[in-house]
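Visitor: I am new to this structure and would like a close look at a single part of it, with enough of the surroundings to make sense of what I see. Please take your time over the answer.

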Amino acid sequence: MTMSEVGTYAAAIFLLIGAAFAVVGAIGLLKLNDPMKRLHAPTKVGTMGIGSLLLGSVVISFVRGGSSIHELLIMAFLFVTAPISANFISKVIIHLRGCDETPELDNEQTWSTLVQREEDLVAQDKTQQS
């Protein structure tokens, strides 16, 4: 077996893994009820699924004798931005009370995203008065 065949099989495996993550993510997006659970499915596709598809593209590029740095840059961008955007979306869902229930915390603690600082309350009062 030549290196070209090994690379082709490796790329095929990466593409199948990426496609499997995409299918599972799409099913999860359609079937899950709670917005917080629904958010979990596409974020996994964004990191694992697309990352695997891009890795397959990199392998094929190297097998054909070229170099492919664009896919690696796209993967780095996705791995950095997907968790951050999911965090912001989940905070919005918590603020809008869009999820079923926010879990109760021990020792009279609260979720940090729901804490209102005095400065924010004062600024809010000023804007409402004007």
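Visitor: To begin with, what percentage of the 130 residues of the protein chain count as buried? After that, please look closely at helix α1, where Gly-7 lies.

Guide: What you have before you is a predicted model, and in the protein chain 23% of the 130 residues count as buried. Before turning to helix α1, it helps to have the whole chain in view. The protein chain holds 4 helices and 0 strands, and from the N terminus on its elements follow the order α-α-α-α. Its C-alpha atoms fill a box of roughly 75 × 30 × 30 Å when this is taken along the principal axes, and the radius of gyration is 22 Å, whereas a compact globule of 130 residues would have one near 14 Å. The accessible surface of the chain comes to about 9700 Å², and 64% of that surface belongs to carbon and sulfur atoms. Among the contacts between residues at least 6 apart in sequence, 58% join residues that are at least 24 apart.

A word on confidence belongs here as well. The mean pLDDT of the protein chain is 82, and 92% of its residues reach 70 or more. Confidence is highest in the very helix you asked about, α1, at a mean of 91, and lowest in helix α4, which covers residues 118-129, at a mean of 76.

Helix α1 itself spans residues 3-31, and Tyr-9 is one of the residues that lie in it. Together with Met-1, Met-3 and Val-6, Tyr-9 makes a nonpolar surface patch of about 520 Å². Gly-7, which also lies in helix α1, is by contrast a buried residue, because its relative accessible area is 9% and the limit for buried is under 20%. Leaving aside residues up to four places away in sequence, Gly-7 touches Val-59 and Val-63. Gly-56 is 49 residues from Gly-7 in sequence, yet the two C-alpha atoms are 9.1 Å apart in space.

Other parts of the chain can be set beside this picture, beginning with helix α3, which runs over residues 70-95 and is the place of Ser-90. Ser-90 counts as buried because its relative accessibility is 13%, and, not counting residues up to four places away in sequence, it touches Met-36 and Leu-39. From Ser-90 to Ala-20 there are 70 residues in sequence and 25 Å in space, taken from C-alpha to C-alpha.

Helix α4 offers two further residues to look at. Asp-125 has its place there, and with a relative accessibility of 41% it counts as partly exposed. Between Asp-125 and Ala-10 the C-alpha atoms are 61 Å apart in space, and the two residues are 115 apart in sequence. Gln-128 lies in helix α4 too, and it counts as exposed because its relative accessibility is 57%, where exposed requires over 50%. The C-alpha atoms of Gln-128 and Pro-83 are 34 Å apart, with their positions 45 residues apart in sequence.

Coming back to helix α1, you can therefore look for two things in it: Gly-7, buried at a relative accessible area of 9%, and Tyr-9, which shares in the nonpolar surface patch with Met-1, Met-3 and Val-6.

Notes:
Residues numbered from 1 in each chain as written. Predicted model: local features only at pLDDT ≥ 70, side-chain atom pairs only at ≥ 80, totals over all residues. Heavy atoms only, no water. Patch = residues over 30% accessible without salt bridge, like charges linked within 9 Å, V, L, I, M, F, W, Y side chains within 5 Å. Areas by Shrake-Rupley, 256 points an atom, 1.4 Å probe, with all protein chains shown as cover. Salt bridge = Lys/Arg side-chain N within 4 Å of Asp/Glu carboxyl O. Helix = DSSP H or I, 4+ residues; strand = E, 2+ residues; numbered from the N terminus. Rg over C-alpha atoms; globule rule 2.2 N^0.38 Å. Buried < 20%, exposed > 50% of the residue type's maximum accessible area, 1.4 Å probe, protein only. Contact = heavy atoms within 4.5 Å. pLDDT = per-residue confidence, 0-100.
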